Amino acid sequence: MKSEYAHMTECAAEAARIALGIGAERPVAPATPCGDWDLRTLINHWVLYTSHGLEHRARRTPLPDELTARDFIVDADWAEQYAAQLDRAVAAWSDPAVWEGDIDLGHASSPAAEIAEMLIMETALHSWDVARATGQEFRLSDGAAGYVLGVVDRTAELYRQYEGFGDEVRLPGSAPVLARALAHSGRDPQWTAA
């Protein structure tokens, strides 16, 4: 749990940095690396699941309907709210007991540690998506990138079944760890906004 929690903390901090770097003047309609999702759709998904979802999973509570239907970016200070919610969510996972047992997902239960690793992966991947769509650099340590790559590789087939990942993008074997994690999840590490 200790190294996983460190990766969660690092990914959340990078997500907050990316959000705060967008700026109020940034348009909300451009293309993203996420197929048909525009920036507004991507950001709302990112905010909902990587901050509110992260906290609710730790607390074993369902996401309220008012959150799942909310357009987070209508608030001028949405990025600051997201950063604060990320802090609350990460704090909710600071107790080692939270990583034990199962989490009821409504239709099934899964081990808490597996849910946490998938949420860490989602935070990293969608933070990269948002960074790319808004012309920012995404930064992650090699340790955290290696962790994300491991989770991607363990879960890729499941995510592809539900169209959460595209087909793997082929890269040379010497590609950096983060680029491999992105490519294995169906993202083109060279993607740029047009």
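Visitor: How many cavities of 30 Å³ or more does the structure hold, and what makes a space a cavity?

Guide: The structure holds one cavity of 30 Å³ or more, and a cavity is a set of points, on a 1 Å grid over the protein atoms alone, where a 1.4 Å probe fits but cannot get out. This is a predicted model, in which local features need pLDDT of at least 70 and side-chain atom pairs count only at pLDDT 80 or more, while totals for chains, interfaces and linings use all residues. Residues are numbered from 1 along each chain as its sequence is written, and side-chain values use heavy atoms, leaving out hydrogens and water.

Visitor: How do you know which residues line the largest cavity?

Guide: A lining residue has an atom within 4 Å of a grid point, and those that line the largest cavity are Met8, Ala12, Thr50, Leu54, Leu86, Leu119, Ile120 and Thr123. Two or more residues come from each of α1 (2-20), α2 (39-59) and α5 (112-133), and α5 gives the most, with three residues.

Visitor: What makes a residue in this lining nonpolar, polar or charged?

Guide: Ala, Val, Leu, Ile, Met, Phe, Trp, Tyr, Cys and Pro count as nonpolar, Asp, Glu, Lys and Arg as charged, and the others, Gly among them, as polar; the lining of the largest cavity therefore divides into six nonpolar, two polar and no charged residues.

Visitor: What is the largest pocket lined by, and what makes a space a pocket?

Guide: A pocket is an open set of points with protein on both sides within 12 Å along at least five of seven lines. The largest pocket is lined by 32 residues, and His45, Glu122, Tyr159, Tyr162 and Gly164 lie nearest its centre. The lining of the largest pocket divides into 15 nonpolar, 13 polar and four charged residues, and α5 gives the most to this lining, with six residues.

Visitor: Why is α1 called roughly parallel or roughly antiparallel to α4?

Guide: α1 and helix α4 (residues 78-92) pack at an angle of about 175°, with their axes 8 Å apart. Angles under 35 degrees count as roughly parallel and those over 145 as roughly antiparallel, so α1 is roughly antiparallel to α4. Among the residues of α1 that meet α4 (contact means heavy atoms within 4.5 Å) are Met8 and Ala12, and Leu86 is one of those in α4.

Visitor: How do you know how compact the protein chain is?

Guide: The radius of gyration, taken over C-alpha atoms, is set against a globule rule of 2.2 Å times the number of residues to the power 0.38. For the protein chain the radius of gyration is 16 Å, close to the 16 Å that the rule gives for 194 residues, so the chain is as compact as a globular protein of that length.

How values were computed:
Grid points are joined across faces, edges and corners, and a volume is the space filled by probe spheres set on the points. Helices (H or I, at least four residues) and strands (E, at least two) are DSSP runs, numbered from the N terminus. Axes are lines fitted to C-alpha atoms, for helices over the stretch in contact, and angles run from 0 to 180 degrees between N-to-C directions. Angles under 35 degrees count as roughly parallel, over 145 as roughly antiparallel, 65 to 115 as roughly perpendicular and the rest as oblique.
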